[in-house]
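Please read the following walk-through alongside the sequence and the model. It goes from one exposed residue to the surface around it, then to the interior and the overall fold.

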Amino acid sequence: MQTLPAPCALTPVQLTTNVSLEDLVRSEVALRRGIKNEPDAETIENLRVLAGGLEEIRALLGVPLHVLSGYRSEELERFLTERDYAAWARRRGKLLGRDS
């Protein structure tokens with residue numbers, strides 16, 4: 001089995017008390033496919049806002065949240081939606097870290 005280089009070499013960043021950058025960018029598909037899934041500085045700030053909202057939801061519910069996806073790079077999003085460009089366009093907010 002071939003070992004692929006890690007597609008996400010981000011420095012650990014805690015966005016809020018309970019949400020890290022890794023929580024929002026982690027992607028099993030990106031890891032398996034060797035797709036780089038690293039947000040730029042502007043998108044990280046958007047993800048920080050998103051993390052703040054997730055903290056509010058966590059506090060309201062009183063339980064930890066399990067985030068499945070908070071960010072996808074354009075390359076990863078295209079791979080996941082290559083058969084349906086319209087879906088990619090509708091979900092473009094993920095590219096900017098504005099949707100979860």
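**From surface to core**

Leu60 counts as exposed because its relative accessibility is 74%, and the cut-off for exposed is over 50%. The model is a predicted one. Leu60 lies in helix H3, which covers residues 41-61.

Leu60 also belongs to a nonpolar patch on the surface, together with Ile57, Leu61, Val63 and Leu65. The accessible area of these residues together is about 470 Å². In soluble globular proteins, nonpolar side chains tend to be buried together. Leu60, by contrast, is exposed.

Where are the buried nonpolar residues joined up? The largest nonpolar core is made of twelve residues: Leu15, Val19, Leu21, Leu24, Val25, Ile44, Leu47, Leu50, Ala51, Leu54, Val67 and Tyr71. Two elements, helix H1 (21-25) and H3, each give two or more residues to this core. H3 supplies the largest share, with five residues. H3 is thus a helix that contains the exposed Leu60 and also contributes to the core.

Ile44 is one of the core residues. Apart from neighbours within four places in sequence, Ile44 is in contact with Leu15, Leu21 and Pro39.

As for the whole protein, its secondary structure consists of five helices and zero strands, in the order α-α-α-α-α from the N terminus. Of its 100 residues, 36% count as buried. Among contacts with a separation of 6 or more, 63% are between residues 24 or more positions apart. The accessible surface of the protein is about 6800 Å², and carbon and sulfur atoms account for 52% of this area.

Key:
Residues are numbered from 1 along each chain as its sequence is written. This is a predicted model: local features need pLDDT of at least 70, side-chain atom pairs count only at pLDDT 80 or more; totals for chains, interfaces and linings use all residues. Side-chain values use heavy atoms; hydrogens and water are left out. Patches are made of residues with over 30% relative accessible area and no salt bridge: like charges are joined within 9 Å, nonpolar side chains (Val, Leu, Ile, Met, Phe, Trp, Tyr) within 5 Å. Accessible areas come from the Shrake-Rupley method with a 1.4 Å probe; for residues, only the protein chains shown count as cover. A salt bridge is a side-chain nitrogen of Lys or Arg within 4 Å of a carboxyl oxygen of Asp or Glu. Helices (H or I, at least four residues) and strands (E, at least two) are DSSP runs, numbered from the N terminus. Buried means under 20% relative accessible area, exposed over 50%, partly exposed in between (1.4 Å probe, protein chains only). A nonpolar core is a set of buried Ala, Val, Leu, Ile, Met, Phe, Trp, Tyr and Cys residues joined through side-chain atoms within 4.5 Å. Contact means heavy atoms within 4.5 Å.
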